[in-house]
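User: I would like to learn how to read a few features of a structural model, going from a single backbone angle to the contact between chains. Could you take me through them in turn?

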Amino acid sequence: MTNKEKLKLIEETLELEADSLNEETNLEDIPKYDSMARLTLIVLCDDEFGKLLSGEQIKKFVKVKDILDFMG
Amino acid sequence: MINPVEFKDKQILLTGSAVGIGRAVALLLNQMGANIVMIDIDEPGLEKLSSELKGERHKSYCYDLKNLEGIEGLVSGIVSEKGPFDGFVHCVGIRSRRPLSMLKPSAVADIMGVNFGSFIELVRCTSKSNHFRPGYSIVGVSSVSAHAGSASVTAYAASKGAMESAVRCIAKEMANRKIRINTVIPSQINTPEYVKLRKNSPSEVEQLSERQYLGLGEPIDVANAIIFLLSDMSRFITGSSIAVDGGFLAS
């Protein structure tokens, strides 16, 4: 999956506006980026990419790029 | 001196025995002389547990209980090889945290299938004539989640609620065969699953902990209640759900 596709997937999953994210977006600037959003992304990484992301790990992510890199 | 809880040479079927509550049940039953038949998907966990059990008559079966259709053949095979059961404890359960937005039909089916579907199928198969001995007692491990809502555990909570409802019906249906069936309702118990949850969501765990007057439970606390329900000491108890929750549901 390309980074563009991953960004689209994240936007859809978190119900954000299309094209509202880029790699350099700070996670804290995403609307309603709360514990539920983080859990949603954890489940997404597992379901779509087979990667187990822990709560501890995701809390250390700063930018959207960190998530994209983790997805592989 | 009498021992009101007697398990010498009793054969108990146990699912989810590799870790946590199931493991505590296995070790306790072993100390009491029972033969244990274990079903779990975790092969290394089963091997490790088997190496700790004393006695030669235990047997473990590595099986994914998601495969509901194969359970009938598995149980028949076990009974042919090992004989009928005196008890059955269902400790297996998928407890993945999944927000509603990510709770797609396949995830619901998986969780309901393993947690509830396999329980019903194992009860159905082990309650056939000549698959159980007089005094057969079944215990399902439920959860306070079935009674107190928490975010992101919808399917898990539903599967445990389904188990408790089913147990009330099965108790009535199986009474004429003298089969008893009950559930235990644990709250937060010190298992690997709990340790992971505490690491990932410390504030949520803290909030839930405030409801448990007696602090964090240990697997042996739930195992003790399960052994009671398996034994003749509880011969007048069926269709019940017993809280082992440090006061959680009373708070």
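**Reading the model feature by feature**

Analyst: We can begin with the backbone: A:Glu15, placed just after helix 1 of chain A, takes a positive phi of about 55 degrees. Please keep in mind throughout that this is a predicted model.

User: Which residues of helix 1 of chain A are buried, and what covers them?

Analyst: As a general idea, an α-helix has 3.6 residues a turn, so residues three or four places apart point the same way. In this structure, helix 1 of chain A spans residues 3-13, and its buried residues are A:Lys6, A:Leu7, A:Leu9, A:Ile10, A:Glu11 and A:Thr13. The cover over these buried residues includes helix 2 (35-49) and helix 4 (64-71) of chain A.

User: How should I read the interface, and what is the area buried between chain B and chain A?

Analyst: The size of an interface is often given as the accessible area lost when the parts come together. Here that area is about 900 Å², with carbon and sulfur atoms giving 59% of it. On the side of chain B, B:Pro99, B:Met102 and B:Asn200 lose the most area to chain A, and together they account for 49% of what that side buries. Counted by residues, 11 of chain B are in contact with 12 of chain A.

User: How many salt bridges are there between chain B and chain A?

Analyst: The count is 1 salt bridge, and B:Arg98 forms a salt bridge with A:Asp47 in which the closest N and O atoms are 2.7 Å apart. By class, the side of chain B that touches chain A has 4 nonpolar, 3 polar and 4 charged residues.

User: Where is B:Gln188 found, and is this residue buried or exposed?

Analyst: B:Gln188 lies in the loop between strand 6 (180-186) and helix 6 (192-200) of chain B, and with a relative accessible area of 9% this residue is buried. The side chain of B:Gln188 is joined to that of B:Ser209 by a polar contact of 3.2 Å. Setting aside neighbours within four places in sequence, the residues in contact with B:Gln188 include B:Tyr194, B:Val205, B:Leu208 and B:Leu216.

User: How many disulfides are there over all chains, and why does B:Cys62 form no such bond?

Analyst: The count is 0 disulfides over all chains. B:Cys62 has no bond because its sulfur is 17 Å from the closest cysteine sulfur, in B:Cys91, which is too far. B:Cys62 is partly exposed, with a relative accessible area of 43%, whereas A:Cys45 is buried, at 1%.

Note on methods. Residues numbered from 1 in each chain as written. Chains lettered and ligands numbered in written order. Predicted model: local features only at pLDDT ≥ 70, side-chain atom pairs only at ≥ 80, totals over all residues. Heavy atoms only, no water. Contact = heavy atoms within 4.5 Å. Buried area = accessible area lost by both parts, 1.4 Å probe. Salt bridge = Lys/Arg side-chain N within 4 Å of Asp/Glu carboxyl O. Nonpolar A, V, L, I, M, F, W, Y, C, P; charged D, E, K, R; others polar. Buried < 20%, exposed > 50% of the residue type's maximum accessible area, 1.4 Å probe, protein only. Helix = DSSP H or I, 4+ residues; strand = E, 2+ residues; numbered from the N terminus. Polar contact = N/O pair within 3.5 Å; in protein donor to acceptor, adjacent residues only side chain to side chain. Disulfide = S-S within 2.5 Å.
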